[in-house]
Amino acid sequence: APEDDADKALGDVDPDTARYMICWTNFTPVAPGGVEMSCTFSDDMLTATPPTFSPRRVLAASTADSLGISVRFAGNSSPNVYAAWSRFTGAYTNNVGFARSTDNGVTWSAPINVTSNFITMDQVLGNDRVHNLPTVAVDNSTGVFKGNIYVVYASNNSLDGADVAFQRSVD
């Protein structure tokens with residue numbers, strides 16, 4: 001049996017239903033590139049000992065999929081959940097993978113790239129590790145930007161170490 005190794009788990013709680021979603025990078029020899037981007041959820045985190053979790057969903061498992069899956073519920077009675085993660089597309093290039101669930105994380109869309117390829121950030125003196133891992137956020141205010149999805153990540157396209165890149169989706 002293959003030996004898996006979970007890494008960089010990030011979670012979120014649906015403000016409407018209290019569903020807890022956790023996503024992680026699963027290193028496994030059975031995936032094409034050795035990596036699966038995985039998610040599961042629980043609806044009884046505060047009431048059951050131990051809580052029960054849904055079967056794991058594999059959102060992506062291509063040779064480019066790599067690390068750091070960020071997950072966010074849309075809130076405001078929306079059944080949407082969004083996930084973004086880093087993809088390695090070359091020796092010094094990345095892009096950001098993205099998937100959406102329209103049923104609170106039960107099923108997920110096929111992954112897409114939401115960025116073009118960008119240059120990996122430089123090593124920072126004094127830090128032993130750096131990364132381009134994206135973070136996803138959803139505007140769940142009642143204002144004019146309600147429902148907008150935001151993705152930020154580190155890009156080194158200017159060849160100055162790295163800059164914070166910001167993308168917004170209105171749909």
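Where does Asn104 lie? In this predicted model, Asn104 is found in the loop between strand S7 (93-101) and strand S8 (112-113). The report starts with the backbone of this residue and of two others, then turns to one sheet.

**Loop residues**

Asn104 has a phi near 60°, a positive value in a residue other than glycine. Its relative accessibility is 12%, so Asn104 counts as buried, the cut-off for that word being under 20%.

Ala18 also has a positive phi, near 70°, and is likewise a residue other than glycine. The loop that holds Ala18 runs between strand S1 (5-13) and strand S2 (20-27). Ala18 counts as partly exposed because its relative accessibility is 47%, and that class covers values between the 20% limit for buried and the 50% limit for exposed.

The table sets out the phi values of these two residues.

| Residue | Phi |
|---|---|
| Ala18 | near 70° |
| Asn104 | near 60° |

A further loop contains a cis peptide bond, which runs from Thr49 to Pro50 and has an omega near -5°. Pro50 is placed in the loop between strand S3 (35-42) and strand S4 (57-60).

**The sheet of S10, S11 and S12**

In what order do the three strands of the open sheet stand? The order is S10-S11-S12, and the pairing is antiparallel. Strand S10 (135-138) and strand S12 (163-169) are the edge strands, each of them pairing on one side only. On average, neighbouring strands of this sheet are turned by 20° against each other, with direction ignored.

How many bridges join S10 to S11? These two strands run antiparallel and are joined by four bridges. Within this pairing, Ala137 has Tyr150 in S11 as its bridge partner. On the other side of the sheet order, strand S11 (residues 149-155) pairs with S12 over seven bridges, again in the antiparallel sense. Here the bridge partner of Tyr153 is Ala165, in S12.

The side chains along S10 alternate between two faces. Which of them are buried? Val136 and Val138, which point to one face, are buried. Thr135 and Ala137 point to the other face and are not buried. Ala137, the bridge partner of Tyr150 in S11, thus belongs to the face of S10 whose side chains are not buried, under the cut-off of 20% relative accessible area.

Note on methods:
Residues are numbered from 1 along each chain as its sequence is written. This is a predicted model: local features need pLDDT of at least 70, side-chain atom pairs count only at pLDDT 80 or more; totals for chains, interfaces and linings use all residues. Side-chain values use heavy atoms; hydrogens and water are left out. Two strands pair if DSSP finds at least two bridges between them. Axes are lines fitted to C-alpha atoms, for helices over the stretch in contact, and angles run from 0 to 180 degrees between N-to-C directions. Buried means under 20% relative accessible area, exposed over 50%, partly exposed in between (1.4 Å probe, protein chains only).
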